[in-house]
Amino acid sequence: MKRSMNAFGVFLMAGILTALGIPAQAADVIKIGVIGPMNFMQGKGHWDGATLAAEEINAKGGIQVGQKKMKIQLVKADSNEFLSITDATNAMERLMTQDKVDFVVGGFRTEAVFAMQDIAMDYKKLFLGCGAAHPELCEKVGKDYKRYKYWFRVTPTNSNYLVRVCLINLATVNGLLKKDLGIQKAKVAIVGEKVVWIDPMIKAIEANVPKMGMELAGVWRPSDKATDVTAELTAVQRANAQIIFTIFSASVGITFARQAGELKIPAAFVGINVEAQKDGFWAATQGKGNYAVSLATFVRDVAYNDLTLPFIEKYISRFGELPTYTAATYDAIKSTLGEAIEEAGTMDTEKLIPIIEKSERKGVASPKAKFDKNHDLFFGPGYSTGITFQWQDGKMKGWWPNGWEGVTYKGMVPYKLPPWMVEKYKK
Amino acid sequence: MLLDILISTLINGSAYALLAVGFSLIFGVARIVNIAHTAFYMLAAYCIYYGTQKLGLEPVLCMLAAVIPVTLIGLLSYRFFIDPIREHEGAVLIATIALAMAIQEIMLLLFTGDFLGVPSLVEGYRLVFGVKIAYQQLLTFGVALVVLLAVWVLLLKTRLGLAIRSTAQDREVANLMGMNESRVAMITMGVSVGLAAFTGAVVAPLAIVNPFMWMHPLIMMMAVVVLGGMGSIKGSFIGAYILGFAEALVVFLIPMGAYLKGSVALSIMILVLLIRPEGLFGIAFEEER
């Protein structure tokens with residue numbers, strides 16, 4: 001009886017230790033937490049990009065850390081951040097305390113990333129952001145370097161740069177309306193979902209539209225989960241807007257594109273519609289999303305450098321869909337982190353930070369990537385710019401940059417106006 | 001602008017009315033607050049998605065066919081989850097919340113959180129007094145009217161309707177008169193879930209199909225039902241258009257605050273309840289039945 005009790009005790013201890021996640025070979029692997037909304041395309045992008053990077057690194061024996069090679073072990077953390085910021089902070093806490101990861105990549109919704117960022121900073125863990133665009137996330141590094149130096153934004157470029165690109169796009173479309181349709185002073189309607197990261201963008205666009213020789217028709221702020229925006233579309237049409245500047249990151253982007261297409265709203269689109277970055281957008285809008293525009297990091301057949309297209313092809317063949325920008329966790333792990341660890345010869349975060357700060361690396365998501373003093377992704381010709389694309393007859397086609405500051409990526413096509421708009425305004 | 005607001009009201013209100021009528025029916029008869037009502041609506045939307053996109057079936061066929069399995073699931077849910085605890089209204093409320101969450105999680109597991117779409121029954125739009133309205137929306141409006149009429153005929157012109165009304169009025173007396181009260185409640189549940197499924201079938205082409213699509217309509221539907229008077233079908237119908245009007249008003253008058261349309265609609269509900277706690281038609285309906 002006593003022996004069986006002892007055996008039971010040993011099994012119990014083994015079970016507890018396993019449950020607590022104390023790995024036998026913890027010292028031989030680099031544990032990277034991948035945090036994101038895993039039941040949504042953004043989280044899937046985080047995980048799939050990280051998976052490819054880890055597989056490629058591990059296939060070569062791992063990352064050279066000083067004298068030994070260490071393999072990557074990914075730990076998936078579902079932040080569920082679209083629905084609950086508490087779930088997101090719990091997931092981050094678990095990565096820190098239970099999984100005891102060495103580094104973290106991911107995050108998407110700004111509101112959640114703010115909270116997750118603080119947890120990672122508390123534990124002095126390197127957190128490579130791959131989704132949230134709010135400038136404040138990086139401005140914190142400048143304001144309180146000692147606490148926030150562990151944060152770097154790998155993707156996307158911050159929302160100020162997103163605005164800059166959108167305004168360049170707006171000028172291009174305005175020029176097209178003047179040239180092709182004779183509209184001398186286009187009216188611009190801004191339609192942006194009600195979430196934090198969009199607020200500064202709206203202010204900037206409102207201020208710039210009149211300066212660019214256009215007229216502001218109005219600003220509409222539907223809920224990010226709105227399932228019907230026909231009232232907004234009717235109002236936009238009543239305001240005689242010829243350009244609709246969309247800023248969407250959630251499901252309302254599909255609703256808006258679908259209903260605008262169904263009602264053949266005679267206006268040209270510019271702006272951001274994150275859901276449009278996804279292959280499934282065409283099916284989700286039942287083909288009504290034609291002419292929808294957004295910024296993206298990856299577009300089929302468009303290459304920043306010789307690494308981009310092989311990555312896109314591999315990703316599509318492996319996961320069956322085009323990578324969204326959150327799949328730049330690939331760059332975060334493979335180049336930003338992996339190359340820095342090899343260069344430093346250590347996983348000591350304090351030694352890695354100055355190396356990442358100074359580095360300028362080639363990746364799949366931009367011609368070259370480097371960080372500014374706030375650890376924000378640097379924007380500009382030769383560096384990260386992103387791509388503006390338009391859905392044209394069921395395919396995503398890149399149309400910017402096409403000659404901007406001397407930058408033209410391979411595979412660009414011209415912007416198209418919806419035929420029902422041309423029909424209405426063509427004299 | 002007034003015309004735009006009125007047309008938006010009719011379109012938005014119709015979807016709410018379709019949902020609220022079914023919810024109100026089962027509450028009026030069996031005093032069941034079925035929180036899973038809009039989860040059944042979501043289930044129907046997924047059935048249509050699966051039929052049209054995965055099996056390549058005709059949308060009309062899928063929309064009609066979706067009502068049957070969803071109604072059956074509704075009846076089974078009633079039989080196994082609700083009926084055994086029916087006497088405890090609080091427990092029923094919690095059980096239906098759990099049921100809705102379970103349906104959501106199953107859909108999340110099967111279809112992930114991806115936003116999906118189903119084709120419209122009728123493509124294109126029509127200009128009504130200068131306002132563009134998609135045919136699918138016109139169809140929803142028409143269906144809302146037909147459904148109300150059908151429910152009215154069912155309740156007032158059929159023997160089943162008589163049984164439903166009797167049960168709603170006094171369960172014990174209905175039992176003494178030889179009516180199987182439990183069976184009437186089950187049939188009413190079937191009709192109610194059938195209505196939810198039918199709404200899902202009609203509204204799905206206008207919505208984004210995803211595992212969380214039941215939440216917003218649930219809040220609006222509850223608001224409609226409370227505003228109209230719990231259990232009052234007439235009240236639900238009118239309440240739906242009042243809230244639809246409030247939403248349209250916000251979008252057209254405060255474009256920057258369009259996201260507040262749901263909150264404003266709910267505030268109107270609270271305001272009405274402060275003045276008339278039983279809702280707009282709570283007592284009137286009690287008298288009618």
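Here is a short conversation about a predicted model, its helix α5(B), a chain interface, a sheet and two domains.

Visitor: What should I keep in mind about the model and its numbering?
Guide: The model is predicted, so local features need pLDDT of at least 70 and side-chain atom pairs count only at pLDDT 80 or more, while totals for chains, interfaces and linings use all residues. Residues are numbered from 1 along each chain as its sequence is written, and chains are lettered from A and ligands numbered from 1 in the order in which they are written.

Visitor: How do you know that the span of helix α5 of chain B agrees with what a helix should give?
Guide: Helices are DSSP runs of H or I with at least four residues, strands are E runs of at least two, and both are numbered from the N terminus. The expected span is 1.5 Å times one less than the number of residues. For the 23 residues of α5(B), 135–157, that gives 33 Å, and the end C-alpha atoms are 32 Å apart, which agrees.

Visitor: Why is B:Phe141 called buried?
Guide: A residue is buried if 20 or more other C-beta atoms, placed from the backbone, lie within 10 Å of its own; 12 or fewer makes it exposed, and in between it is partly exposed. B:Phe141 is among the buried residues of α5(B), which also include B:Gln136, B:Val147 and B:Leu155. Their cover includes α9 (230–238) of chain A, and from chain B α1, β2, α6, α8 and α10.

Visitor: What makes residues of chain B count as in contact with chain A?
Guide: Two residues are in contact if their C-beta atoms, placed from the backbone, lie within 7 Å. By that rule 33 residues of chain B are in contact with 31 of chain A. On the chain B side, α1(B) gives the most, with four residues.

Visitor: What makes β11 and β15 of chain A edge strands?
Guide: Strands pair if DSSP finds at least two bridges between them. The open sheet runs β11-β14-β15 in chain A, with antiparallel pairing. β11 (293–296) and β15 (395–400) each have a single partner strand, so one side of each is left without a neighbour in the sheet.

Visitor: How do you know that β11(A) and β14(A) pair?
Guide: Four bridges join them, which meets the requirement of at least two. A:Ala296 stands opposite A:Ile387 in β14(A).

Visitor: What are the domains of chain A based on?
Guide: The bounds come from an automatic or database domain assignment. Domain 1 is 6–156 + 304–370 and domain 2 is 160–296 + 386–425. Their contact takes 12 residues from domain 1 and 10 from domain 2.
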